[in-house]
Amino acid sequence: MTSGDLTELTIKEATHLLRLGSISASDLVTAHVERIEQLDARVKAYLRMTQEVWERQAEEADRKLRDGDAPPLAGIPIAIKDVLCVKGVETTAGSQILRGFKPPYTATAVQRLFDAGAVMLGVTNCDEFAMGSSTENSSYFPTRNPHDLLRVPGGSSGGSAAAVAAGEAMISLGTDTGGSIRQPAALCGVVGMKPTYGRVSRYGLIAFASSLDQIGPFARSVDDAALVLSLMSGLDPLDATSSQRPGMEVLNNYGAGVKGMRLGVPREYYDVEGIEPGVKAAIDAALLILRREGAEIVDVSLPHTDYGLAAYYIIAPAECSSNLARFDGVKYGLSEEDSPNVTELYTQTRRKGFGTEVRRRVMLGTYALSSGYYDAYYLKAQKVRTLIKRDFDAAFEKCDAIVSATSPTVAFPIGTKTQDPLSMYLCDVLTLGGNLAGLPGISVPCGTSDGLPVGLQVLGPQWGENVCLRVARAYEEASEIRAEVATPSPLQGRGSG
Amino acid sequence: MRGVDWEVVIGMEVHVQPRTRSKMFCGCAIAELNAPPNTHVCEVCLGLPGVLPVPNQAAVEACLKTALALNCEIPRHTKFDRKNYMYPDLPKGYQISQYDLPMSINGRLELGERRVRIRRVHLEEDTGKLVHAGDKLHRAWESYVDLNRAGVPLMEIVSEPDLRSADEARDYAVELQTLLRTIGASTADMERGQLRAEPNISIRRAGSDELGVKTELKNINSFRALHRAINFEVERQKEVLESGGAVVQETRGWSEAEQRTFSQRSKEFAEDYRYFPEPDIPPLELDRAWIEELRAALPELPSLRRSRLAGQLPVGLANAIGADRELADLYESAVAKGAPALATANWIVNEVAPTGKLTSGANLAELIRLVDGGAITRDQAREAYLESADTGRTPAEIVTEHGYTQVSDESELRVLAEAVIDANPKATADFRAGKKQALQALMADLRKRAPHANPKAANEVLAKLLG
């Protein structure tokens with residue numbers, strides 16, 4: 001078996017081979033590391049490789065495999081977004097302000113996957129503090145879409161999506177605050193899932209907007225995403241917002257197919273402004289397949305969709321302005337120590353350490369929370385948030401799950417939206433409603449438009465991850481569309497697919 | 001403005017550290033005052049990236065008990081909020097506190113005739129401490145941050161401006177301390193920073209309904225300092241107004257060394273704290289059954305106990321004993337074992353309170369029977385009490401073992417008295433010359449020679465021989 005083959009496996013296939021003994025965890029890691037060495041200079045999915053970690057973890061996985069007590073992810077190579085803390089591994093949230101910060105703890109979700117035997121390859125690139133939709137806001141470098149190196153991979157978890165799409169990791173973790181898992185999954189042609197708010201512990205996730213952030217998996221199959229999600233879900237005493245519900249329930253009945261299910265198509269999403277014809281065509285084709293599989297497609301409405309973006313861009317910056325206050329140059333990370341006094345130390349450290357988009361959002365959020373503006377902005381946005389939740393509640397009276405495009409567009413060329421923040425914000429128009437309402441959502445590949453991947457989004461009711469997975473899996477099986485590993489060639493933009 | 005009658009208006013903000021093993025939002029133990037800096041910290045109270053606060057159930061319970069003891073209403077929903085400001089002792093850049101939905105509202109504390117309304121009791125976290133190298137902050141060449149206290153739970157008890165003098169403000173703080181200790185919510189030791197009183201003070205023309213401009217006093221470390229600081233501040237405000245000036249709304253510190261208040265921070269440009277709901281902690285839905293359990297489990301409150309004791313004892317004794325739950329418990333238990341009320345109360349106030357050593361009610365009742373019946377002297381009883389408190393043995397055992405007895409027999413005392421008179425010719429002469437206090441020197445000598453002598457009877461015998 002060539003190393004190319006090993007980097008195209010799903011967890012199910014890899015686990016089969018590992019348990020047979022035909023490959024070892026070390027073989028699997030080596031194949032991925034070689035692939036990264038070969039490709040990542042072009043894709044730039046990774047910020048840092050974690051050789052010490054993977055050597056230790058692969059060795060342990062191999063020992064357990066030999067002893068016959070291997071946990072479910074033994075030997076599975078994983079990439080971790082730069083916002084998830086891993087003990088002793090530099091974790092910077094894509095920002096200069098955290099340069100050199102090595103957390104003395106590991107995020108609960110990551111630790112659970114380590115406990116399940118996963119082997120960490122490295123830290124993936126992202127928009128600074130997860131603020132962005134293209135990974136161009138990384139303070140290090142932009143990541144490129146493996147399907148077309150001149151295009152963005154989406155964001156903010158662009159590195160994690162690109163790594164899985166390029167065969168540089170079998171699975172990866174991202175975070176989703178307004179669409180930061182689902183949108184890059186769609187643009188890179190892989191599966192990406194954001195769980196219900198509270199399903200996965202946020203402990204160790206460097207917060208962007210605490211009431212919206214959730215950690216979720218990227219994978220090349222719905223089954224893989226489901227397995228990874230089930231292993232990291234469940235109550236964490238270190239996160240007061242984590243749910244007591246058993247993590248394994250995300251798998252309940254998810255293989256049952258869509259026959260008899262009612263799938264809602266919100267007209268506000270279907271005809272969203274700026275949706276590309278090719279994307280719409282791919283969604284139409286997906287709806288046809290789902291109907292053929294026995295689902296009933298019903299018309300639903302989410303009437304407050306238009307206000308979602310505005311509400312999101314009040315609430316998320318408000319929370320971020322507070323969450324990012326701790327980066328003051330006093331205790332860790334970047335410090336402009338030569339400042340004449342403490343106020344200057346704060347100012348210079350933050351001016352130098354934060355990028356443009358982060359500064360913009362801190363200022364927006366500080367303004368929205370200010371005395372005299374709070375009622376007009378933050379409070380009103382919270383009211384809109386309640387209305388959006390009610391929209392979804394009403395829609396789920398009429399349907400079991402909601403389907404739409406994940407992103408109105410396919411991957412766009414690098415540099416085309418960086419000068420216009422509003423056009424960048426519109427990338428999340430179909431995904432951020434799920435964050436405001438705290439709902440689970442998955443993006444699954446649904447063909448291409450002009451040769452670039454399109455994602456189908458399935459949103460479920462609260463705690464209905466199994467519903468999302470069930471629709472996504474039925475679609476994946478019936479459509480026979482797979483997340484193929486992309487191998488970009490060095491010289492041309494468009495990869496060989 | 002001279003000659004105006006001023007009325008003093010005081011509202012109190014009191015921060016109390018509830019009795020918990022760990023901090024408000026993490027598992028760190030509470031540090032002793034002298035603990036080396038930054039030894040009681042973890043990633044949560046250091047505010048490292050990615051960590052989350054988890055509320056301490058014991059702190060919530062202490063706060064609810066306090067609120068119930070202060071007759072507060074407990075709303076169904078309460079939540080934490082973030083108070084945002086940047087300061088090096090605040091590791092997250094915000095303090096987790098409670099803003100518009102506090103744990104409790106609308107209570108009261110009775111101070112004799114005065115009813116002090118309680119606006120709210122809420123929970124929050126303490127900040128760290130800055131240590132400046134150098135004698136003054138603005139001359140410091142280096143500053144250090146100690147985060148041992150960062151994240152220590154605090155209850156903030158806010159009163160309405162219902163207090164009218166430094167005396168009342170001090171009584172309020174003392175009463176609050178007694179209450180907190182009685183219900184076990186806090187050890188409320190001011191010297192150890194577990195109870196910090198911050199009075200808000202203004203003055204107005206007597207008879208006016210409008211509030212004057214207030215100042216808030218900080219750095220007060222004792223009840224005495226509280227009293228003095230308020231009196232100083234009232235006089236300062238009077239002088240300002242009487243000389244035609246205006247009081248500036250500000251925070252003022254109390255300097256113990258200089259016995260005066262000084263301006264710390266002007267509130268003219270009030271800081272905008274940008275409060276908003278803490279997204280990392282879900283709103284608390286307080287279980288009504290639990291609250292009723294806590295209410296039912298509250299011990300008798302000091303004011304009630306005092307009024308009950310006042311039915312049996314003079315007011316001074318009733319207040320002194322009612323102020324301390326342990327003393328009051330001892331008193332009631334001894335009386336229940338048949339000890340006479342007044343003698344028991346006197347014994348407790350004079351002998352138990354100063355030593356702080358406690359024995360059982362039964363032991364105390366027995367001791368009082370021994371001393372009241374004349375079997376032992378008061379000095380012997382004091383020894384026996386301390387031994388009983390230390391060892392738990394009964395006073396009767398101790399008295400027997402040490403051979404404590406009291407001699408009241410007049411013929412025996414006469415022999416003793418004659419010896420004392422012989423040995424102290426000067427005192428004897430003084431007494432006979434009319435210096436009545438010379439008798440005390442003679443009595444002292446007698447008690448030294450014969451500790452078991454009944455002091456009252458011996459005194460009489462001495463006086464008779466000298467007369």
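Two strands pair if DSSP finds at least two bridges between them. I keep that cut-off at hand for the sheets below, and I remind myself that this is a predicted model.

**Entry 1: a pair in chain B.** I began with strand β3 of chain B, residues 81-84, and looked for its link to β4(B). I found four bridges between them, with the two strands running antiparallel. With two bridges enough for a pair, β3(B) and β4(B) qualify through their four. For a landmark I picked Arg82(B), which has Ile96(B) of β4(B) opposite.

**Entry 2: the sheet around that pair.** Next I asked myself in which order the strands of this open sheet lie. I read β4-β3-β14 in chain B, three strands with antiparallel pairing. The edges are β4 (94-97) and β14 (276-277) of chain B; each has a single partner strand, so one side of each has no neighbour in the sheet. While looking along the strands I kept in mind that side chains in a regular strand alternate between the two faces of the sheet.

**Entry 3: chain B as a whole.** I stepped back and noted 15 helices and 15 strands in chain B. Is the chain spread out or compact? Its radius of gyration is 29 Å, whereas the globule rule gives 23 Å for 467 residues, so I put chain B down as more spread out than a compact globule. The C-alpha trace spans about 85 × 55 × 50 Å along its principal axes. I also wrote down that 40% of the 467 residues in chain B are buried. Of the contacts in chain B between residues at least 6 apart in sequence, 68% join residues at least 24 apart.

**Entry 4: over to chain A.** I checked confidence before anything else: the mean pLDDT of chain A is 96, and 98% of its residues reach 70 or more. I flagged residues 493-497 of chain A, where pLDDT stays under 50; the model has 18 contacts beyond four places in sequence for them.

**Entry 5: strand β3 of chain A.** Why is this strand, residues 119-124, largely enclosed by the rest of the structure? Six of its six residues are buried, so the surroundings cover it. I then traced its partners. Strand β1 (residues 46-49) of chain A runs antiparallel to β3(A), joined by three bridges, and Met49(A) has Gly122(A) as its bridge partner. Strand β2 (residues 77-81) of chain A pairs with β3(A) in the parallel sense over five bridges. Here Gly122(A) turned up again, as the bridge partner of Ala79(A). Following the chain from β2(A), I passed through helix α5 (residues 108-115) to reach β3(A), a right-handed β-α-β crossover.

Definitions and conventions. Residues are numbered from 1 along each chain as its sequence is written. Chains are lettered from A and ligands numbered from 1 in the order in which they are written. This is a predicted model: local features need pLDDT of at least 70, side-chain atom pairs count only at pLDDT 80 or more; totals for chains, interfaces and linings use all residues. pLDDT is the predictor's confidence in each residue, from 0 to 100. Two residues are in contact if their C-beta atoms, placed from the backbone, lie within 7 Å. A residue is buried if 20 or more other C-beta atoms lie within 10 Å of its own, exposed if 12 or fewer, and partly exposed in between; C-beta atoms are placed from the backbone. A crossover is right-handed if, with the strands pointing away from the viewer, the path from the first strand over the helix to the second runs clockwise. The radius of gyration is taken over C-alpha atoms; the globule rule is 2.2 Å times the number of residues to the power 0.38.
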